[in-house]
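Please look through the sequence and the structure shown here, and then read the report that follows, which moves from the surface to the interior and ends with some single residues in loops.

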Amino acid sequence: MDLLDQLAETFLDWGEMAKVIPSLLTVGLPNTLILALASGILGSLLGLMLALMALSRNIVARWAARIYTDLFRGLPAILVILVIGIGLSPIARELTGTRNPYPLGILALTLIAAAYIGEIFRSGIQSVEKGQLEASRALGFSYGSSMRLVVVPQGIRRVLPALVNQFISLLKDSSLVFVLGLAASDREIFRIGNDAMANTGNLSPLVAAGVVYLIMTVPLTHFVNFIDHRLRTGRPEKKEPDELAAPIGKKA
Amino acid sequence: MTEFTSGTLTGKNIHLSFGSNHVLRGIDLHVEKGTTASVIGPSGSGKSTLLRVMNRLIEPDDGDILLDGRSVLKDNPDELRQRIGMVFQQFNLFPHKTVVENVALALRKLKKLGKEEAHTQAMEQLDLVGLKHKADVRPANLSGGQQQRVAIARALAMRPEVMFFDEATSALDPELVKGVLALMADLAKGGMTMVVVTHEMGFSRNVSDSVTFMDGGLVVESGHPDQIFTEPRTERLKSFLSDVL
């Protein structure tokens, strides 16, 4: 029983958890959400651009997209965050006037996310039947308008589940900005749990931080499954037989 | 049916190659204003490609295309395609838009009509093909025949001068074919200039004003449907007709 008590004390010390929970929720959670949402949105925009470049007829654009994607998908996130966060910090300080590492943290997360999201968008856009582009062009739309109005919207719809997965991964990877050194008010969920653990020598604050991540990621995972299923089977609408054509067929 | 302001379409000596594959080897096709030309022939004879070249979805390597006697090869191809409606074998409706949005999209974005006006005109077109009551559903909830009628409405909404039908009934269940063919026959009677690539010999014979038989990228024989179907001159057409009839 001693061993179990010891384990419970190490991981499930309610007192230590209670102490850290207020700052986890009021400081850590908003910061994590800022990092993940900002880089998610910017990464989606950059990713869409990369996808369109990868699909363009211009060989230079295709190669640029290819190289970018290989680079940022092939590097560990923590390396990119460190290199950009530290390497560009003098420039960022001059531009923004602060030492806040968030702009560079968001930039690094954005660059990484864009590489993955670009591939997600590309596969989605490529999965749209060729007849869609042909029908749109036959109506008189230009290639650009056809892509914008007809092909890309369908492609994006198909990859919504993959996009949400990518967002889940951003929520978790946002923890890596701790390597850039964060002021007390800039700490996100992981760093707050980690600091509390270092101060107390007890792992319970990290367990609490983990629970906060899970509260966000588990529902999102199930939301992915839900929209995935919905996209596959369609909204439950009633299908009716062809009332008009059938009689014509019978009469003749 | 409404009145159409249709045009005369002419293709002259059209050539097209994909690499070493000579798909069209000098095709001539003339469709007089208000008439229907059907194009028949075995698979791979270049019929569908011919349609795509005549509205410049694919640019020809050589030859000329004339609308109302004027060459359109130097025009903006997007503007040319606004004047030629096209209906596809696989319907190709936009699945992310409702039926009425499918019809209204080009009216709003290309004809620059206001939302209300585009909607009104789209509803009129849907009424014409008997599908006004389906305006707000997605294409996936329609039968193939209904989808193809929506596709026809979508093309007609642009008030084209010529309509192309690329095997418009080939993907339909047999009981749905007649509804679409009846609609096409209505358009023909209404004076629309039409080029109909089809395997429906009954339609070709009874509705069209001229029949063009293609094989191997060439026009083998063309003429009035009575002549083509009752007195074929070439052995190739005779054997094709005996295979399909």
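## Surface, cores and loops

In this predicted model, helix 4 of chain A, residues 77–87, gives the most to the nonpolar patch, contributing five residues. The patch on the surface covers about 570 Å² and is made by A:L71, A:L75, A:I78, A:L79, A:L82, A:V83 and A:I86. The last of these names, A:I86, lies in helix 4 of chain A, and A:I86 counts as exposed because its relative accessibility is 51%, where the cut-off for exposed is over 50%.

In soluble globular proteins, nonpolar side chains tend to be buried together. The largest nonpolar core of the model has 113 residues, and those with the most contacts inside this core are B:L24, B:L126, B:I152, B:F164, B:F165, B:M184 and B:M194. Helix 6 of chain A, residues 102–126, provides the largest share of this core, namely 14 residues. Apart from this core lies another one, of 18 residues, which includes A:V164, A:I192, A:A208 and A:I227.

To see the surroundings of one core residue, take B:M184: when its neighbours within four places in sequence are left aside, B:M184 is in contact with B:I152, B:F165, B:A168, B:M194, B:V196 and B:F203.

The loops of chain B hold further residues to examine. B:T198 lies in the loop between strand 8 (193–197) and helix 7 (201–206) of chain B, and B:T198 counts as buried because its relative accessibility is 4%, where buried means under 20%. A polar atom of the side chain of B:T198 lies 2.8 Å from the backbone nitrogen of B:E200. If neighbours within four places in sequence are left aside, B:T198 is in contact with B:S38, B:V39, B:I40 and B:S204.

Which residues have a positive phi although they are not glycines? Two such residues, B:R56 and B:N92, are set out in the table.

| Residue | Phi | Loop in chain B | Relative accessible area |
|---|---|---|---|
| B:R56 | about 60° | between helix 1 (47–54) and strand 4 (62–67) | 7% |
| B:N92 | about 55° | between strand 6 (84–87) and helix 3 (99–109) | 11% |

B:R56 is buried, because its relative accessible area is 7%, and B:N92 is buried as well, because its relative accessible area is 11%.

Definitions and conventions
Residues numbered from 1 in each chain as written. Chains lettered and ligands numbered in written order. Predicted model: local features only at pLDDT ≥ 70, side-chain atom pairs only at ≥ 80, totals over all residues. Heavy atoms only, no water. Patch = residues over 30% accessible without salt bridge, like charges linked within 9 Å, V, L, I, M, F, W, Y side chains within 5 Å. Areas by Shrake-Rupley, 256 points an atom, 1.4 Å probe, with all protein chains shown as cover. Salt bridge = Lys/Arg side-chain N within 4 Å of Asp/Glu carboxyl O. Helix = DSSP H or I, 4+ residues; strand = E, 2+ residues; numbered from the N terminus. Buried < 20%, exposed > 50% of the residue type's maximum accessible area, 1.4 Å probe, protein only. Core = buried A, V, L, I, M, F, W, Y, C linked by side-chain atoms within 4.5 Å. Contact = heavy atoms within 4.5 Å. Polar contact = N/O pair within 3.5 Å; in protein donor to acceptor, adjacent residues only side chain to side chain.
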